[in-house]
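Me: Could you take me through one part of this protein at close range? I'd like to hear about a single sheet and what sits around it.

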Amino acid sequence: MRIVIVGGSKFGTATAQTLIEQDHEVVVIDRDRGKLERLAETLDCGMIEGDGTSPSILREAHASEDDVLIALTNASDDNILAALVGRSVGYGRVIPQIISPELLDVCAELDLADTITPHVTVAESICRALEEKSEMSEVMNLSNALRLKRLTVPEGVQDEALANLELPDHISLIARVRGDEEVLITTETHVQSGDEILLAVKKDDIEAVKDAVASWNS
């Protein structure tokens with residue numbers, strides 16, 4: 001799987017560095033040749049000079065249907081366009097960064113549900129920390145060996161007891177989200193299609209958990 005990042009912004013550079021450290025194949029696209037030359041001094045990845053919203057540029061970076069396109073420029077509209085073009089080109093997953101909250105509704109209309117909203121996420125974390133009188137580190141995501149994941153129950157699941165559904169060992173189920181309703185998971189919790197499950201899982205077990213949840217409708 002190749003991960004293509006559109007935009008050599010600070011966020012894009014940090015994301016690329018983290019992915020490279022985790023042994024992912026990364027390609028960075030940016031219009032600015034000088035910026036790419038500077039990035040090449042610190043990032044061991046592919047570099048393409050060009051417009052990240054251009055079909056020809058995105059095809060040049062594309063390798064297979066499993067590739068992921070992450071649009072991290074500082075312009076939300078460019079990120080949306082890059083995601084739409086990337087989806088048309090054949091990227092298996094497209095993730096635009098949305099800085100302007102008013103564009104989230106546009107993303108929903110365009111079926112771009114997989115978005116990054118850093119300003120909104122950080123703002124919500126700050127508000128939660130203030131309301132709960134807690135340290136910021138206590139309300140931010142896990143980032144070392146564990147991850148917090150929010151997975152959607154697939155179609156075909158109807159009022160099933162969560163305890164009866166197959167899941168890998170060594171995970172901690174935390175909450176079920178159904179619309180605006182959020183409840184802590186107990187041995188009596190039931191789920192249905194469209195529900196979201198919040199859980200804590202080891203980083204290396206994430207794919208196994210996703211596969212298990214996806215199999216519930218089979």
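Reply: Happy to; here is a walk through the sheet, followed by a short look at a pocket. Please keep in mind that this is a predicted model.

Let's begin with the overall layout. The sheet is an open one built from four strands, which run in the order S6-S11-S8-S9 with antiparallel pairing. At its edges you will find strand S6, covering 146-152, and strand S9, covering 181-184, each of which pairs on one side only. Going from one strand to the next, the twist averages 25°.

Now for the pairing of S8 with S11. Strand S8 takes in residues 171-178 and strand S11 residues 196-202, and six bridges join the two in the antiparallel sense. If you want a place to put your finger, try Ala175, which stands opposite Leu198 in S11. As a reminder, strands of a sheet pair through backbone hydrogen bonds, either parallel or antiparallel.

The sheet also has a helix packed on it: H8, residues 206-214, touches S6, S8 and S11. The direction of H8 makes about 15° with that of S6.

Finally, a word on the second largest pocket, whose volume is about 180 Å³. Its lining counts 18 residues, and those nearest the centre are Val6, Gly7, Asp30, Arg31 and Thr73. Two or more lining residues come from each of strand S2 (25-30) and helix H4 (76-89), with H4 giving the largest share, three residues. By character, the lining divides into nine polar, five charged and four nonpolar residues.

Conventions:
Residues are numbered from 1 along each chain as its sequence is written. This is a predicted model: local features need pLDDT of at least 70, side-chain atom pairs count only at pLDDT 80 or more; totals for chains, interfaces and linings use all residues. Side-chain values use heavy atoms; hydrogens and water are left out. Two strands pair if DSSP finds at least two bridges between them. Axes are lines fitted to C-alpha atoms, for helices over the stretch in contact, and angles run from 0 to 180 degrees between N-to-C directions. Contact means heavy atoms within 4.5 Å. On a 1 Å grid over the protein atoms alone, a cavity is a set of points where a 1.4 Å probe fits but cannot get out, and a pocket is an open set with protein on both sides within 12 Å along at least five of seven lines; lining residues have an atom within 4 Å of a point. Grid points are joined across faces, edges and corners, and a volume is the space filled by probe spheres set on the points. Ala, Val, Leu, Ile, Met, Phe, Trp, Tyr, Cys and Pro count as nonpolar, Asp, Glu, Lys and Arg as charged, and the others, Gly among them, as polar.
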